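Here are a few short exercises to work through with the model open beside you. Try each task before reading its solution.

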Amino acid sequence: MPDASSPQTARHAIPTETISTSPPAQVEQTQKVGFVSLGCPKALVDSERILTQLKTEGYDVVGSYEQANLVIVNTCGFIDAAKQESLDSIAEALDKNGKVIVTGCLGAKPQEITAVHPNVLGITGPHAYEAVMDLVHHHLPQPAHNPYIDLVPPQGIKLTPKHYAYLKISEGCNHRCTFCIIPSMRGDLVSRPIDSVLEEAHRLVKAGVKEILVVSQDTSAYGVDKRYATAFWNGMPVKTRIDTLCQALGELGVWVRLHYVYPYPHVDQLIPLMAEKKILPYLDIPFQHASPRILKAMKRPAHTENTLERIQAWRVICPEITLRSTFIVGFPGETEEDFEMLLDFLDEAKLDRVGCFKYSPVEGATANDLPNPVPPEVQEERYHRFMQKQARISKKKLKEKVGKTFTVLVDEIQGDTLIARSFADAPEIDGQVIVTPKKGKKVQIGEFIQVKVTQHDEYDLWAQMI
């Protein structure tokens, strides 16, 4: 079970055994690139795009520093811990290889990298695919035409297991939350054309993907920058809007899960699609706090909406909806009254999945200048009170699932045990369903199976295959 308090950032292994398209031994291929992918699912998609381009151009992606002619490190720079992990990864690559190209969110502040690692070959910011390839070309010229290029799969190189994939629908964000520096690194909202998004989703499904996880910085704002322009998909007009996109994705016959959804009024239009089982009844909404005063200080979008009433209305339309959220405790100026308001919100909202972060200053964030910082020991105490309350809520909600049957998607097989997820569980950040398989029944990773829940704890379920 992932720690609910952990940032949604990870070091992603590069599965070279599944993407290698090396020709037979008699054809020499010497242009070899190592890759280190850090950060959130949005950064993961950036890594996948770079890897796909490398393979398309005939470069060989290898799994060790020693084999590589150079190494690309895709960094995260959102919080101090992620920055340090990125700097440490660059140091490791320099030590073990010596030739390193840096990209990603930390690359938006190149001076922070060169101050520590002046010998990197080059630095780009996030989603700068062409700039990364230009640096690769400069330091490692493109190989001659590779007759094995057609072995690059149509869906491109993916770093997730074969049965699920992230689908990034936009870059950047138009909001200026005071604790966040994402717009300074990734810019304002830029939505992908809807026909391009749907074409990618179609390729993923054809390649065997069973679950599509829609990600962006602000998923519900999709299309705002394009004034909801109309495009064409399969001969039909489609508007660049999140509800239109979900309607079309819901026709693909796979699980569709929405992440990073801000609670704008038009999000209400997505709930009937969930009730109709077009998309999964799951919303990842980063509420961040419940005190109007703190939300105003955070400059959070949609903070004036009557959130509790809307949650109640969503549950009337779609009773099985799962709500995930993240919150910040110890934000500058947060009083005990503000914090108690947050705890009361948890009691009333009864959210299914919750993560919590203790506020920490991020260089460049305007919240750093707010008065009345909360002492670390108070932050720590509030964090534990928050997590203890949510653990009780989560355990009670999971208890209600005991005895019920669900469809789950198998992620792993560990001996005689299946590790799976239900519609209520996103990979890596939510709980798991630990399944005892049916005797004599062979099950594969990426397969949907029916289970009956037998036990629970605060985060996970145990079930018997039926």
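**Exercise 1.** Sort the residues lining the second largest cavity of this predicted model into nonpolar, polar and charged.

*Solution.* Start by listing the lining: D46, I50, N74, T103, G104, G125, P126, H127, A128 and Y129. Next, pick out the nonpolar residues, I50, P126, A128 and Y129, which gives four. Aspartate counts as charged, so D46 is the one charged residue. The other five are polar, with glycine counted among them. To place the lining in the fold, note that α2 (41-56) and β5 (100-104) are the elements that each give two or more residues to it. Finally, the space inside this cavity is about 30 Å³, and the structure holds two cavities of 30 Å³ or more.

**Exercise 2.** Classify the aromatic pair formed by F287 and F327 as stacked, tilted or edge-to-face.

*Solution.* First check the distance: the ring centres are 6.4 Å apart, and the cut-off for a pair is 6.5 Å. Then take the angle of 35° between the planes; stacked needs under 30 degrees and edge-to-face over 60, so this pair is tilted. Now locate the partners: F287 lies in the loop between β14 (282-284) and α10 (292-298), while F327 is in strand β15 (residues 322-329), 40 residues apart. Both F287 and F327 are buried. Widening the view, ring pairs join F287, F327, F345 and F386 into a cluster.

**Exercise 3.** Find which rings have the charged ends of K42 and R241 over them.

*Solution.* Begin at K42, whose charged end sits over the ring of Y260, 3.5 Å from its centre. Then turn to R241: its charged end sits over the ring of Y228, 4.6 Å from the centre.

Note on methods:
Residues are numbered from 1 along each chain as its sequence is written. This is a predicted model: local features need pLDDT of at least 70, side-chain atom pairs count only at pLDDT 80 or more; totals for chains, interfaces and linings use all residues. Side-chain values use heavy atoms; hydrogens and water are left out. On a 1 Å grid over the protein atoms alone, a cavity is a set of points where a 1.4 Å probe fits but cannot get out, and a pocket is an open set with protein on both sides within 12 Å along at least five of seven lines; lining residues have an atom within 4 Å of a point. Grid points are joined across faces, edges and corners, and a volume is the space filled by probe spheres set on the points. Helices (H or I, at least four residues) and strands (E, at least two) are DSSP runs, numbered from the N terminus. Rings of Phe, Tyr and Trp (its six-membered ring) pair if their centres lie within 6.5 Å; planes under 30 degrees apart count as stacked, over 60 as edge-to-face and the rest as tilted. Buried means under 20% relative accessible area, exposed over 50%, partly exposed in between (1.4 Å probe, protein chains only). A charge sits over a ring if NZ of Lys or CZ of Arg is within 6 Å of the ring centre and within 35 degrees of the ring normal.
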